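The exercises below are meant to be worked through with the sequence and the structure side by side. Please try each task before reading its solution.

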Amino acid sequence: MKSLVPTTLRSEERALQREVRAFLDERLPPGAHPLGLGMSGEVDPEFSRDLAARGWVGMALPREYGGGGRTAVERQIVVEELLARGAPVGYHWVADRQSGPSIARNGTEEQRRRLLPGIARGELSFAIGMSEPDSGSDLASVRARAVRHRDGWLINGTKIWTSGAATATHVLGLFRTSEDRRGGLTQFIVEGDAAGLTISPIPFIDGTGHFCELSFDDVYVPDTARLGDVGAGWGQNTGELALERGGVDRWMSLMPVLEAWARSPEVRDSPVAQVDLGRVVSRLWAFRGMSLSIARLVDAGESPVAEAALVKEMATRFEQESVEIVRRHFGRTPDLGSDDPWESLLARAILVSPSWTIRGGTTEILRSVIAKGLVSR
């Protein structure tokens, strides 16, 4: 486990930040889009394509495959500005954050040329098929199986809580290819309209259907759909989680609500609320510094898995605590159906925030990852 070295934005990085803010001021003026809670923002393919046209989707992908060849820090700057606005990032989010980089790292030349340009243009959308019924956060216990068949594979089994699968063009799934607990896992790229794949949105407590159940019934994929070597899925999947867990999305889900609350009369007229706001802001600043340091490690060629788990473990609990702070000062139960978008978003956050410490790995799993990282030092 590496020490997180304090760092700040450089002059060219601040210039990018100003450019993104100016674009979003014009493209997403207040009231022009449904507000989202961080990475659970609305699915808007047109916005994703507009963002991609500016070079802000697939930023970390190699230029020879249509990507921007930019740094992890530069991508973080763009993402930070998007999440602060509650932007509709749902269509391109997973492909941009982790599937694209994983294909760039582990894919064949054919896979890179076939998929990465579409990701960088904001045209392809990915979902991650990891969790299964009865498997909890223990990914090594997955049972959905891929069996060799002719020149490809037949996939059978079920994935659950797969975010955004109903609108995704592809699913990057983790499947069992042998009985070896970790060495028997392999990743496959499955097209969303593949024969035998049934995608069923799961009604969530806030009325959305973002989470899905995926049923694979003799889904045939050619061997060219395999990502990486047979049995390499565990290591590849672990590498993806470093990208998933350590970013700003783990502490920015509530940012639009927090900004509205900070400007509200409830804070302006209440010394107690001002104290709570100060505590929230100070912790936000600390998490921002940690995420920035992790991005610097990624740019240096490191794989900060334990460091990312540390950020995720602390930050998602902080998000839940922040929801409770704002709710307490709101003074009444917020209405999900309110015409006030901020009240409606707070109501949604109250309903869905218990899931924030589950997605991307439960608190207990993360603490295990952190402990192993400390022992290995």
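**Exercise 1.** Is D218 buried, partly exposed or exposed?

*Solution.* Keep in mind from the start that this is a predicted model. First locate the residue: D218 lies in strand 7, which covers residues 211–222. Next take its relative accessible area, which is 44%; since the class of partly exposed residues lies between 20% and 50%, D218 is partly exposed. Finally look at the backbone, where D218 has a positive phi of about 50° although it is not a glycine. Most residues other than glycine have a negative phi.

**Exercise 2.** Where does W161 lie, and what is its phi?

*Solution.* Begin with the strand: W161 is placed in strand 3, made of residues 152–163. Then turn to the backbone angle, for W161, although not a glycine, has a positive phi of about 60°. As a last step, consider accessibility, where W161 counts as partly exposed because its relative accessibility is 45%.

**Exercise 3.** Determine how the axes of helix 1 and helix 3 are arranged, and which residues make the contact.

*Solution.* Start from the axes of helix 1 (residues 11–27) and helix 3 (residues 72–84), which come within 10 Å and cross at roughly 30°. An angle under 35 degrees counts as roughly parallel, and helix 1 and helix 3 are therefore roughly parallel to each other. The crossing of these two helices is right-handed. On the side of helix 1, the contact is made by E13, L16, Q17, V20, R21 and L24, and on the side of helix 3 by V73, E74, I77, V78, E80, E81 and L82. Sorted by character, the residues of this contact comprise seven nonpolar, one polar and five charged.

**Exercise 4.** How many aromatic pairs does a search of the whole structure find? Describe the pair of F175 and F188.

*Solution.* The search of the whole structure finds seven aromatic pairs. One of them joins F175 and F188, whose rings are tilted, with 6.2 Å from centre to centre and 55° between the planes. F175 belongs to strand 4 (residues 170–176) and F188 to strand 5 (residues 185–191), so the pair ties together parts that are 13 residues apart in sequence. As for accessibility, F175 counts as buried because its relative accessibility is 0%, and F188 is likewise buried, with a relative accessible area of 0%. To complete the picture, W153, F175, F188 and F216 form one aromatic cluster.

How values were computed: Residues numbered from 1 in each chain as written. Predicted model: local features only at pLDDT ≥ 70, side-chain atom pairs only at ≥ 80, totals over all residues. Heavy atoms only, no water. Axes fitted to C-alpha atoms, helices over the stretch in contact; angles between N-to-C directions. Helix = DSSP H or I, 4+ residues; strand = E, 2+ residues; numbered from the N terminus. Parallel < 35°, antiparallel > 145°, perpendicular 65-115°, else oblique. Left-handed = near helix turned anticlockwise from the far one by under 90°. Contact = heavy atoms within 4.5 Å. Nonpolar A, V, L, I, M, F, W, Y, C, P; charged D, E, K, R; others polar. Phe/Tyr/Trp six-rings, centres within 6.5 Å; stacked < 30°, edge-to-face > 60°. Buried < 20%, exposed > 50% of the residue type's maximum accessible area, 1.4 Å probe, protein only.
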